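Visitor: Hi, I'm new to this one. Could you walk me through a few spots?
Guide: Sure, let's put it on screen and start.

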Amino acid sequence: MESISVFDMLSIGVGPSSSHTLGPWRAALRWIEELKEKELFHTVTGVRVDLYGSLSLTGRGHATDIAIMLGLSGFDPVTFPIENIEREIEGITSESKLELNQERDVPFVPSENIVFNRSFLEFHPNGITFHADFKDGTTKSESFYSIGGGFVVKEERKVEKIKMEEFSHFPFPIEKGTELLAYCKAEGKSISEIVMENEKSLRSAEEIDQGLKQIWEVMLDSMYVGCHTEGILPGGLNVTRRAFDMNRNLIGDITYNNAEEWIDAIRNTEVKFRQILKWVSCFALAVNEVNASLGRVVTAPTNGSAGVIPAVIMYYMVIENHDANFDDVKQFLLTSSEIGSIFKKGATISAAMGGCQAEIGVSSSMAAGALCELMGGTPEQCLMASEIAMEHHLGLTCDPIAGLVQIPCIERNAMGAIKAINACEMALNGDPSKAKVPLDKVVATMWETAKDMTSKYKETSEGGLAVQVNISDC
Ligand code: SF4
């Protein structure tokens, strides 16, 4: 059984896409690491990259080529200053060379050395093959697959084996919702407490707190930056950032100087139903506007859906519980990650495999269950909330216009967040013993729907809005 840490499900990265930006970036880093392990790195004279399938069809809009170059250059997606991205890429392009892992110059012309192939590799729609030429005239190639949420594999079987060895000491191995509920019942613990026990088998409680604090800081920062940045998003669609005006209109004359003061300021605004809808939408839009401009966000479980979880946490903090603190955020993140991992194990979190139900649907489901726990729901009600949220995302297609993670993606995060809150409320008022659809059934249904879905709607921009709306109309 594959066991997944909260830090696998929620990781800090750079926009706009976990599968098309963060994954390829990590794949490039892993390939360099492998070259070093095999003691081949110091003899490399040239590199080329082939992108396949969805990575190729929407890769330009998702900045896959940029991510690959930054990965080959050895930069860390978590710490690399995003304001330097443009300068680095311009340097590689103008000098026609790339400093491999910041150690070794190789000739590199992006338009020639990164090839966008229309064909698909058999194993997964997001395939990348790296080729290295060596001093002795030989060439070696390695293929990687970006399977969603920033996860990168070479072959599923091999990875599962490694994961099993690595996590075999999880005290509560979980693959399905029923198993999670059984542990909660037997131990008398909440979902977040069970997840915490698993996590503690990997790292200390202090390390977990530190890691989750860092994740929350990036989430909050992405909302704050998004709400205070105006203008047009890059990429050619001329999409205007909306979070800036929404925040300004909602906050009125209240002044603040940083993100913490901003939270207090929001708590002091009038919140009727319309304002709640607007605030939650504003938080979600903000994150995904930052994501669309290659900013730093937390994949939750992907970059395209990065706005749902922060927006719902903020909803809890500024609307539901003005005393909420890091302990609440921690509880939310632990619970949400477990629900996400159940979808990853039983279905997919990759839009190239399952369309947008796998991204926004999963993030909404994660947020619904986690909010339910914070609002006092039982573990059964939490899974009921997750189920309701996914049930009403089933079949949602992925059809980003021009391959950019902007339309419909940015707004879709707002819709996912609102649905999560609604699903939570219905579950809190519901009786899980009378629910007809358990979470595991909706996971299985999502996977079956994913398999039936035509590839036009799986992050290829070959159907839906992507073909109905012409970029020249935008
Ligand atoms: S349509 Fe959904 S799945 Fe596709 S890129 Fe946008 S957010 Fe991601």
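Visitor: Which residues in H2 meet which residues in H4?
Guide: First, keep in mind that this is a predicted model. On the H2 side you have His20, Thr21, Pro24, Trp25, Ala28, Leu29, Trp31 and Ile32. Their partners in H4 are Thr64, Ala67, Ile68, Leu70, Gly71 and Leu72.

Visitor: How many of the residues in that contact are nonpolar, polar or charged?
Guide: The contact of H2 with H4 has ten nonpolar residues, four polar and no charged.

Visitor: Okay, and at what angle do the axes of H2 and H4 cross?
Guide: Roughly 30°, and the axes come within 8 Å. Helix H2 covers residues 18-37, while helix H4 covers residues 64-72. Angles under 35 degrees count as roughly parallel, so H2 is roughly parallel to H4.

Visitor: Is the crossing left-handed or right-handed?
Guide: H2 passes H4 in a right-handed crossing.

Visitor: Switching topic: how many salt bridges are there in the whole structure?
Guide: A search of the whole structure turns up 17. In general, side chains of opposite charge can pair when their charged atoms come close.

Visitor: Back to H2 for a second. What does Glu34 form a salt bridge with?
Guide: With Lys154, and their closest N and O atoms are 3.0 Å apart. Glu34 sits in helix H2, whereas Lys154 is in the loop between strand S8 (151-153) and helix H7 (156-167). That pair links distant parts of the chain, 120 residues apart.

Visitor: Is Glu34 buried or exposed?
Guide: Glu34 is buried, because its relative accessible area is 13% and the cut-off for buried is under 20%.

Visitor: Which residues are linked with Glu34 in a network of salt bridges?
Guide: Lys38, Glu142 and Lys154 are linked with Glu34 in that network.

Visitor: Cool. Which side chain meets Arg118 in a salt bridge?
Guide: That's Glu462, at 2.8 Å from N to O. These two are 344 residues apart in the chain. Arg118 is in the loop between strand S5 (114-116) and strand S6 (126-134), and Glu462 is in the loop between helix H20 (439-452) and helix H21 (465-468).

Visitor: How accessible is Arg118, and does Glu462 count as buried, exposed or partly exposed?
Guide: Arg118 counts as exposed at 60% relative accessibility. Glu462 counts as partly exposed at 29%.

Visitor: Last one: how far apart are the closest N and O atoms of Glu270 and Lys272?
Guide: They're 3.5 Å apart, and the pair forms a salt bridge. Glu270 is exposed at 52% relative accessible area, and Lys272 is exposed at 53%.

Methods:
Residues numbered from 1 in each chain as written. Predicted model: local features only at pLDDT ≥ 70, side-chain atom pairs only at ≥ 80, totals over all residues. Heavy atoms only, no water. Axes fitted to C-alpha atoms, helices over the stretch in contact; angles between N-to-C directions. Helix = DSSP H or I, 4+ residues; strand = E, 2+ residues; numbered from the N terminus. Parallel < 35°, antiparallel > 145°, perpendicular 65-115°, else oblique. Left-handed = near helix turned anticlockwise from the far one by under 90°. Contact = heavy atoms within 4.5 Å. Nonpolar A, V, L, I, M, F, W, Y, C, P; charged D, E, K, R; others polar. Salt bridge = Lys/Arg side-chain N within 4 Å of Asp/Glu carboxyl O. Buried < 20%, exposed > 50% of the residue type's maximum accessible area, 1.4 Å probe, protein only.
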